[in-house]
Amino acid sequence: MPFVPRGAGTGLSGGAICDGGVIIQLSRMNRLLAIYPDDCYAVVQPGVVNNYLNLQARPLGLGFAPDPSSQAACTIGGNLAENAGGPHTLKYGVTSNHVLGQTVVFPDGEVATYGGPYPVRSGPDFSTFLIGTEGTIAISTEIIVRLVPLPPDVTTMLAVYKSVADATDSVSAILAAGVLPNALELIDNLCIQAVESHLKAGFPMEAAAVLLIELDGTKQMMQTKAETVGRVCKSNAAVSFSIAKSEEERQRLWLGRKHAVGSLGKITPAFYTNDGVVPRSRLTDIMQTSYRIAKEHDLSVAHVCHAGDGNIHPLICYNPDESGGSQRATACSTEILMACIEMGGSITGEHGIGIEKRDLLPQMFSEVDLEHMQRLRNGLNPEGLLNPGKIFPNGSRCGELRGNVSIPRGTWI
Amino acid sequence: MDLNTIPEANSFTWPEHGSALQPSKRLMVGTLIGQANTAGKSIGSPGANYQWDLSRIDKIISFRAHDMVIAVEVGLTLDKLKTLVEDEHLWLPLDTPRGDDPLLANYLAHDHSLSWLSHHHGTLHDWVMGLTAVDHNGHEVHSGALVLKNVAGYQLAPLYIGARMALGPVLEVSFRLLPMPTPVTLVHWKADHPSTLMAACQHITQQCYPSGRSDPWEGFRITRLDNQWSMDGWTLYPSDLVKEWTDKIEGLEDEILTELKVPPREKHVGNQRPELLIQLRPTQVAGLLDTLHSLNMDLTCYPKAGAILLGPIALTDMEVLQREVLKPIAAKDGRVKVMTTEGAMDILNATTASAESAIMARVKSILDPEGVFGPLPEIP
Ligand SMILES: Cc1cc2nc3c(=O)[nH]c(=O)nc-3n(C[C@H](O)[C@H](O)[C@H](O)COP(=O)(O)OP(=O)(O)OC[C@H]3O[C@@H](n4cnc5c(N)ncnc54)[C@H](O)[C@@H]3O)c2cc1C
């Protein structure tokens with residue numbers, strides 16, 4: 001009988017959906033087993049909620065860096081399985097940069113521990129390989145996570161733009177100026193409308209887009225960087241640039257960002273959350289393409305983006321009660337993802353493939369590539385009972401879908 | 001060159017691109033695909049009957065400075081790659097303590113990326129975004145993507161890094177990059193006991209960050225060569241501030257402070273390569289350095305990364321090393337890795353963790369069922 005591990009069920013690609021079989025619900029394995037502050041790591045069960053770990057670590061001056069917007073609910077096991085990211089990925093990396101080891105159970109019941117409480121990984125690392133395999137090879141039952149020192153100080157800035165292109169141009173320009181913010185997020189007008197309609201985060205309603213930019217470090221070091229960021233934003237036509245003056249103001253801006261997706265429910269009966277990545281220098285192009293494609297489908301699309309990473313989340317608004325509404329939203333989503341690939345990007349930066357995108361995977365990888373990956377899945381999950389039907393397309397579909405887009409040289413790797 | 005006509009074992013070929021492998025498939029792959037690097041060591045195990053020189057597979061596939069990613073073939077050397085990105089004011093925060101300029105092929109195959117940057121920036125595992133390898137049928141296989149974030153499909157890099165090409169040779173690799181940090185203050189001290197250096201390290205951290213958790217040093221290491229202990233570190237803080245932190249520390253000799261415009265490379269001490277890697281929790285390092293002080297052995301230590309590279313080790317020291325160091329390390333859940341290419345030594349008996357070796361052997365049997373590539377390294 002098939003079985004599927006499940007954390008909090010916040011995954012957005014259907015990885016924890018079980019078509020018959022048994023769901024192994026891990027949310028009660030939620031004990032924080034130990035924190036070793038001087039060695040900067042913690043040992044957790046997979047059902048520990050991301051926010052809870054952070055709340056426990058904070059008084060010790062530490063934090064778990066991956067901070068998906070769903071962190072109030074999602075679990076460390078789910079973060080590991082999806083290789084979750086978040087706004088602070090730009091500087092601190094994704095989950096795979098913050099897991100040092102794990103104990104897993106294989107489908108045949110074998111239990112094994114890989115990695116350990118050593119701060120660096122050297123040589124072949126099976127634990128790191130498992131990160132992002134979406135629960136298709138083994139179930140993580142105990143996880144050693146790296147905790148990072150909280151920065152001495154943070155500066156949060158808001159840049160407001162009359163055009164989305166000016167905002168996206170600023171993103172590359174900030175990094176080209178040698179500044180590595182810890183977060184560089186973009187929120188477009190439709191999202192701003194949704195957020196401001198009930199949260200009052202402080203985003204101007206008339207803005208085409210805002211950038212939320214955060215630096216961390218010592219005050220002295222941040223000051224010159226903040227000045228550089230301000231200069232770059234203004235030279236890229238920001239209509240205003242401000243620095244949060246208090247912790248309360250800072251928190252309000254972040255509340256707006258973290259609830260941007262959820263807020264959309266206020267202005268549309270339904271929306272389809274998408275996740276694609278492009279090289280950062282193609283952000284302007286992909287945003288324009290996304291609006292164009294939505295328009296062609298007679299739909300509206302809102303965006304929140306981890307812009308510094310080139311990771312876009314088009315939120316396609318549709319009415320499921322309208323005939324053909326869902327189909328149009330799906331078609332629109334697929335076209336945007338195909339555009340990401342054509343620009344040298346990926347069909348997912350953090351939400352995973354699950355069942356949602358498994359038929360699109362052959363657009364990124366050749367049959368040989370997929371066969372190679374599936375060898376590993378079949379070899380380590382030989383009866384295919386653990387989380388079947390996820391990530392990889394059913395054989396026949398590979399051939400059918402392949403060849404619709406051209407992939408630029410170098411995007412393979 | 002027609003690879004199908006390769007006459008016999010123990011010969012070399014220098015293909016210009018990995019696609020040259022395609023027609024040759026199995027015949028070409030033989031028992032081992034290796035490469036004689038600039039330092040004379042080859043990838044894989046000795047006794048292989050076929051060696052493949054990757055140094056001509058050395059093109060830049062894609063370098064988009066604005067996107068802070070680069071994809072290259074593995075015949076490029078680490079220095080070349082670093083210089084290339086530095087010319088665009090970018091930085092690849094990887095280094096090697098070995099003082100050589102390895103081909104990326106070798107660097108990847110042996111994973112010599114544990115360095116004085118690792119406590120902040122990790123190792124190859126943290127910077128490789130994707131790779132192209134050759135499978136057991138001679139086909140090219142790809143994983144990852146050339147963007148900063150990607151979770152499509154399985155990421156194979158963690159299995160191939162340090163696997164000595166036993167799962168198949170890696171031909172292309174892509175890295176994410178950082179903006180170049182600047183300016184830089186480089187510090188060098190000497191002391192007659194490691195505890196002085198460890199205390200200094202602690203003191204500076206607390207001066208800079210009262211919580212004592214953040215670390216001002218981008219690069220940091222302690223070395224011992226011919227019984228002389230020294231510390232080398234570099235930080236983004238200006239030299240006057242660094243001087244302020246360090247002025248009050250007693251017991252340090254020969255402080256040298258240099259200002260640099262670009263991040264320095266780690267310098268290799270001595271003439272020999274390290275032979276053993278010991279991994280511990282950072283809080284266990286000071287105690288072990290004390291023990292090692294009483295043994296006459298050269299070493300390089302990265303305290304915050306919980307790592308000590310030991311060697312070279314004289315055979316006469318082996319017994320005392322086993323008794324005084326390796327067994328206690330194993331008892332404390334530490335681990336010991338052999339860094340030489342010559343394969344496992346008796347020393348491995350000191351450690352226990354076999355799960356990693358077992359799973360890698362399983363992965364090897366899945367990806368290379370007929371064993372056409374060279375053997376895996378021992379992973380204690
Ligand atoms: C509003 C909202 C915002 C979001 N924002 C982000 C974001 O910013 N960044 C981001 O990366 N994601 C984001 N997500 C997606 C999602 O929250 C993450 O993927 C999260 O990591 C899933 O965790 P979960 O505990 O809910 O896992 P689930 O949804 O329960 O499971 C996800 C996958 O992990 C597997 N799994 C779960 N636990 C284990 C285990 N212990 N061992 C093996 N496999 C396991 C499941 O089988 C499934 O394939 C968001 C989702 C929502 C709803």
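**Reading selected features of a predicted model**

Q: In this structure, is A:Lys200 buried or exposed?

A: A residue counts as exposed when its relative accessible area is over 50%. A:Lys200 reaches 53% relative accessibility and is therefore exposed. Please bear in mind throughout that the model is a predicted one.

Q: Where in chain A is A:Lys200 found, and what is its phi?

A: Most residues other than glycine have a negative phi. A:Lys200, although not a glycine, has a positive phi of about 55 degrees. This lysine is found in the loop of chain A that runs between α6 (189–198) and β12.

Q: How should one read B:Met68: what is its phi, and is the residue buried or exposed?

A: B:Met68 is likewise not a glycine, and its phi is positive, at about 55 degrees. Its place is in the loop of chain B between β3 (60–64) and β4 (69–73). A residue is called buried under 20% relative accessible area; B:Met68 has 3% and is therefore buried.

Q: Where is A:His351 placed, and which residues does it touch?

A: One begins with the position along the chain and then turns to the surroundings. A:His351 sits in the loop between α11 (325–342) and α12 (367–380) of chain A. With a relative accessible area of 13%, A:His351 is buried. Leaving aside residues up to four places away in sequence, its contacts include A:Leu12, A:Ser13, A:Glu82 and A:His313. B:Val151, from chain B, is also among the residues touched by A:His351.

Q: How many strands form the open sheet of chain A, and in what order?

A: A sheet is read by following its strands across, from one edge to the other. Here five strands form an open sheet in the order β3-β4-β8-β6-β7 of chain A, with antiparallel pairing. β3 (32–36) and β7 (111–115) of chain A are the edge strands, each pairing on one side only. From one strand to the next, the twist averages 10 degrees. Helix α1 (residues 50–57) of chain A packs on this sheet, where it touches β3, β4 (41–44) and β8 (139–146) of chain A. The direction of this helix makes about 40 degrees with that of β3(A).

Q: Which residue is the bridge partner of A:Gln102 in β7(A)?

A: The partner is A:Tyr114. The two strands concerned, β6 (residues 99–105) of chain A and β7(A), pair in the antiparallel sense over five bridges.

Q: How many residues of strand β12 of chain A are buried, and which strands pair with it?

A: For such a strand, one examines both faces and then the neighbours. In β12 (residues 209–217) of chain A, nine of the nine residues are buried. One face carries A:Ala209, A:Leu211, A:Ile213, A:Leu215 and A:Gly217, the other A:Val210, A:Leu212, A:Glu214 and A:Asp216, and both faces are covered. Strand β10 (residues 153–161) of chain A pairs with β12(A) in the antiparallel sense over nine bridges, and A:Val160 has A:Val210 as its bridge partner. Strand β11 (residues 183–188) of chain A is joined to β12(A) by six bridges, again antiparallel; here A:Glu185 is partnered with A:Leu212.

Q: How many cavities does the structure hold, and what lines the largest cavity?

A: A cavity is described by its volume and its lining. The structure holds seven cavities of 30 Å³ or more, and the largest contains about 450 Å³ of space. Of its 34 lining residues, A:Val94, A:Ser96, A:Asn97, B:Val128 and B:Met129 lie nearest the centre. The lining divides into 17 nonpolar, 13 polar and four charged residues.

Methods: Residues are numbered from 1 along each chain as its sequence is written. Chains are lettered from A and ligands numbered from 1 in the order in which they are written. This is a predicted model: local features need pLDDT of at least 70, side-chain atom pairs count only at pLDDT 80 or more; totals for chains, interfaces and linings use all residues. Side-chain values use heavy atoms; hydrogens and water are left out. Helices (H or I, at least four residues) and strands (E, at least two) are DSSP runs, numbered from the N terminus. Buried means under 20% relative accessible area, exposed over 50%, partly exposed in between (1.4 Å probe, protein chains only). Contact means heavy atoms within 4.5 Å. On a 1 Å grid over the protein atoms alone, a cavity is a set of points where a 1.4 Å probe fits but cannot get out, and a pocket is an open set with protein on both sides within 12 Å along at least five of seven lines; lining residues have an atom within 4 Å of a point. Grid points are joined across faces, edges and corners, and a volume is the space filled by probe spheres set on the points. Ala, Val, Leu, Ile, Met, Phe, Trp, Tyr, Cys and Pro count as nonpolar, Asp, Glu, Lys and Arg as charged, and the others, Gly among them, as polar. Two strands pair if DSSP finds at least two bridges between them. Axes are lines fitted to C-alpha atoms, for helices over the stretch in contact, and angles run from 0 to 180 degrees between N-to-C directions.
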